Amino acid sequence: DILEESGRVDVADADATTMMLQHVPCRYTQGCLLREIDALGFQGAYDFFYLPMDTLNKTSVGYAFINFVDASHARHFCEVMQGH
């Protein structure tokens, strides 16, 4: 799944708040990906999201960044994404 790769980074003991999502399908839009993240219980847990777009083809470029307001949200995100 598209969010599976976020589990690659072990942030269990870190204070990291920013995660990189890799292998995002090109057909995904920012709204589509944010709805999926929010549906997993993270609505209001992040304050920044960036999904670069290929302006020529009007598709995403395959990765995104999300910054959580607290490191505990980032750790929980990685836990949830492990099996997603």
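What is the mean pLDDT of the chain, and what percentage of its residues reach 70 or more? The mean pLDDT is 86, and 82% of the residues reach 70 or more. This is a predicted model, so keep a general caution in mind: where pLDDT is low, the predicted coordinates should not be read in detail. Confidence is lowest in H2, at a mean of 90, and highest in S2, at 97.

**The overall layout**

Let's start with the parts list. The chain has two helices and five strands. If you walk along the sequence, you meet them in the pattern β-α-β-β-β-β-α. The chain has 84 residues, of which 37% count as buried. Looking at contacts with a separation of 6 or more, 58% of them join residues 24 or more positions apart. One pair to find on your screen is Gln22 and Gly62: they are 40 residues apart in sequence, and their C-alpha atoms are 6.2 Å apart in space.

**The sheet**

Now look for the open sheet of three strands, whose order is S1-S5-S2 and whose pairing is antiparallel. S1 and S2 (46–50) stand at the edges with a single partner strand each, so one side of each has no neighbour in the sheet. On average, neighbouring strands here are turned by 20 degrees against each other, direction ignored.

What holds strands together in a sheet? As a general rule, strands pair through backbone hydrogen bonds, either parallel or antiparallel. In this model, S1 and S5 pair in the antiparallel sense over five bridges, and S2 and S5 do so over four bridges. The table lists some residues that stand opposite a partner in S5.

| Residue | Partner in S5 |
|---|---|
| Thr18 | Asn67 |
| Met20 | Phe65 |
| Tyr46 | Phe68 |
| Phe48 | Asn67 |

Asn67 appears twice in the table: Thr18 stands opposite Asn67, and Asn67 is also the bridge partner of Phe48.

**Two faces of S1**

Which side chains of S1 point to one face and are buried, and which point to the other and are not? Met19 and Leu21 are the buried ones, while Thr18, Met20 and Gln22 point to the other face and are not buried. This fits a general pattern: in a regular strand the side chains alternate between the two faces of the sheet. Gln22 lies in strand S1, and its relative accessibility of 23% makes it partly exposed, because buried would require a value under 20%.

**The two helices**

Helix H1 lies across S1, S2 and S5, and runs at about 150 degrees to S2.

Helix H2 offers a nice check you can follow yourself. H2 has twelve residues (71–82), and at 1.5 Å a residue they should span 16 Å; the end C-alpha atoms are 17 Å apart, which agrees. Which residues of H2 are buried? They are Ala71, Ala74, Phe77, Cys78 and Met81. These residues cover an arc of only 115 degrees around the axis, so they sit on the same side of H2. The cover over them includes strand S1 (18–22), helix H1 (30–42) and strand S5 (63–68).

**Two residues with a positive phi**

Here is a detail worth hunting for in the loops. In general, most residues other than glycine have a negative phi. His23 is not a glycine, yet its phi is positive, at about 65 degrees. His23 is found in the loop between S1 and H1. With 53% relative accessibility, His23 counts as exposed, because the cut-off for exposed is over 50%.

Where is Lys58 found? Lys58 belongs to the loop between strand S3 (53–54) and strand S4 (59–60). Lys58 also has a positive phi, near 60 degrees, and is a residue other than glycine. Its relative accessible area is 68%, so Lys58 is exposed.

**Putting it together**

To recap your tour: S5 has its place in the order S1-S5-S2, H1 lies across these strands, and the buried residues of H2 are covered by parts that include S1, H1 and S5.

Definitions and conventions. Residues are numbered from 1 along each chain as its sequence is written. This is a predicted model: local features need pLDDT of at least 70, side-chain atom pairs count only at pLDDT 80 or more; totals for chains, interfaces and linings use all residues. Side-chain values use heavy atoms; hydrogens and water are left out. The expected span of a helix is 1.5 Å times one less than its number of residues. Buried means under 20% relative accessible area, exposed over 50%, partly exposed in between (1.4 Å probe, protein chains only). The arc is that of the directions from the helix axis to the C-beta atoms. Contact means heavy atoms within 4.5 Å. Two strands pair if DSSP finds at least two bridges between them. Axes are lines fitted to C-alpha atoms, for helices over the stretch in contact, and angles run from 0 to 180 degrees between N-to-C directions. pLDDT is the predictor's confidence in each residue, from 0 to 100.
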